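Please open the model in your viewer and keep the selection panel at hand, since each stop below begins with something to select.

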Amino acid sequence: MALQGALMWICSLAVLSSCADQDESLQCGYQHLTSNLKAVGECEDSLPWSSQERAGLLLNLRNLMDKLYTLQLRECQGAEPNKCPQAEVPEDGGLLCTTVSNKRYCKPMCNHGHDFSFLRRSRVYEECSEQTGFKWQSQFFGGNKLAVCNKAKIQVSGAASAYFSEDQDCLTIKSNSSLIQSAIMGAFGSELRGAGVQGDAENSCLLCG
Ligand SMILES: *[C@@H]1O[C@H](CO)[C@@H](O)[C@H](O)[C@H]1NC(C)=O
């Protein structure tokens, strides 16, 4: 691209300088923002911005990222049973959750190049339900932290299905609804059914760390 296109976009965004006219203009802005961020990110040429301007961009991107991650955490809110606290999302990974027959199940996953800190090959997901006292059964005693993903060259601690592939990390999958279903929800459903968990899955969500 199309560095030129990207620069034109930066200019056209000037009209979206505040959230005052929210919804419609921001919805339309989403398409521009996404395609142009992608293009600038893939741009081979050095970018024409000064170090000060680059710092300004990083600052704005960081603010936006913080906001997006905060909003993401609300996506699983209200899931039954609502006495269960929301489990923490592992950094450098993701958390896949679903409710079946009023029991909440969450499966921690690690991105490629990361591995779990505890062996959990036979422990694919954790449960929170009335039977567990509405607490997460976790290797981290008493907390809502189900797993930690540490940088690692080889991935041996978890089940094969608990790792995102190199070219499909958590956000790549989450941003594509057909991938969510085909790549991870289907496997999680089979794992639950394989363990005798019967019933319709509700309030399913994938959160990325
Ligand atoms: C979603 O993933 C599928 C399979 O990799 C791919 O064919 C499709 O183009 C993707 N859709 C989007 C919107 O990226």
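The tour visits a pocket, a ligand, an aromatic pair and two backbone details, in that order.

Keep in mind throughout that this is a predicted model.

**The second largest pocket**

Begin by selecting Met 185, Gly 189, Leu 192, Arg 193 and Ala 201, which, of the 16 residues that line the second largest pocket, are the closest to its centre. The volume of this pocket is about 250 Å³. Extend the selection to strand S1 (93-100), helix H5 (177-194) and strand S6 (201-208), each of which supplies at least two residues of the lining; the largest share, 8 residues, comes from H5. If you then colour the lining of this pocket by class, you will find 6 nonpolar, 8 polar and 2 charged residues.

**The ligand**

Next, select the ligand and show the residues around it, which are Asn 176, Ser 178 and Leu 179. Taken alone, the ligand exposes 360 Å², and the protein buries 27% of that. For the contact at Asn 176, display the side chain of this residue, where an N or O atom is 2.3 Å from an oxygen atom of the ligand.

**An aromatic pair**

Now turn to the aromatic rings, for which the count comes to 3 aromatic pairs. Select Tyr 105 and Tyr 125, which form an edge-to-face pair with 5.5 Å centre to centre and 90° between the planes. Because Tyr 105 lies in strand S2 (residues 103-110) and Tyr 125 in the loop between strand S3 (114-116) and strand S4 (126-128), the pair ties together parts that are 20 residues apart in sequence.

**Two backbone details in a loop**

Finally, move to the loop between helix H3 (51-73) and S1, where Pro 81 has its place. Select Glu 80 together with Pro 81 and inspect the peptide bond that joins them, which is cis, with omega about -10°. Then select Asp 92, which also lies in the loop between H3 and S1. What is the sign of phi at Asp 92? The phi of Asp 92 is positive, at about 60°, although this residue is not a glycine.

How values were computed. Residues numbered from 1 in each chain as written. Predicted model: local features only at pLDDT ≥ 70, side-chain atom pairs only at ≥ 80, totals over all residues. Heavy atoms only, no water. 1 Å grid on protein atoms, 1.4 Å probe; cavity = no way out; pocket = protein on both sides within 12 Å on 5 of 7 lines; lining within 4 Å. Points joined across faces, edges and corners; volume = space filled by probe spheres on them. Helix = DSSP H or I, 4+ residues; strand = E, 2+ residues; numbered from the N terminus. Nonpolar A, V, L, I, M, F, W, Y, C, P; charged D, E, K, R; others polar. Near = heavy atom within 4 Å. Polar contact = N/O pair within 3.5 Å; in protein donor to acceptor, adjacent residues only side chain to side chain. Areas by Shrake-Rupley, 256 points an atom, 1.4 Å probe, with all protein chains shown as cover. Phe/Tyr/Trp six-rings, centres within 6.5 Å; stacked < 30°, edge-to-face > 60°.
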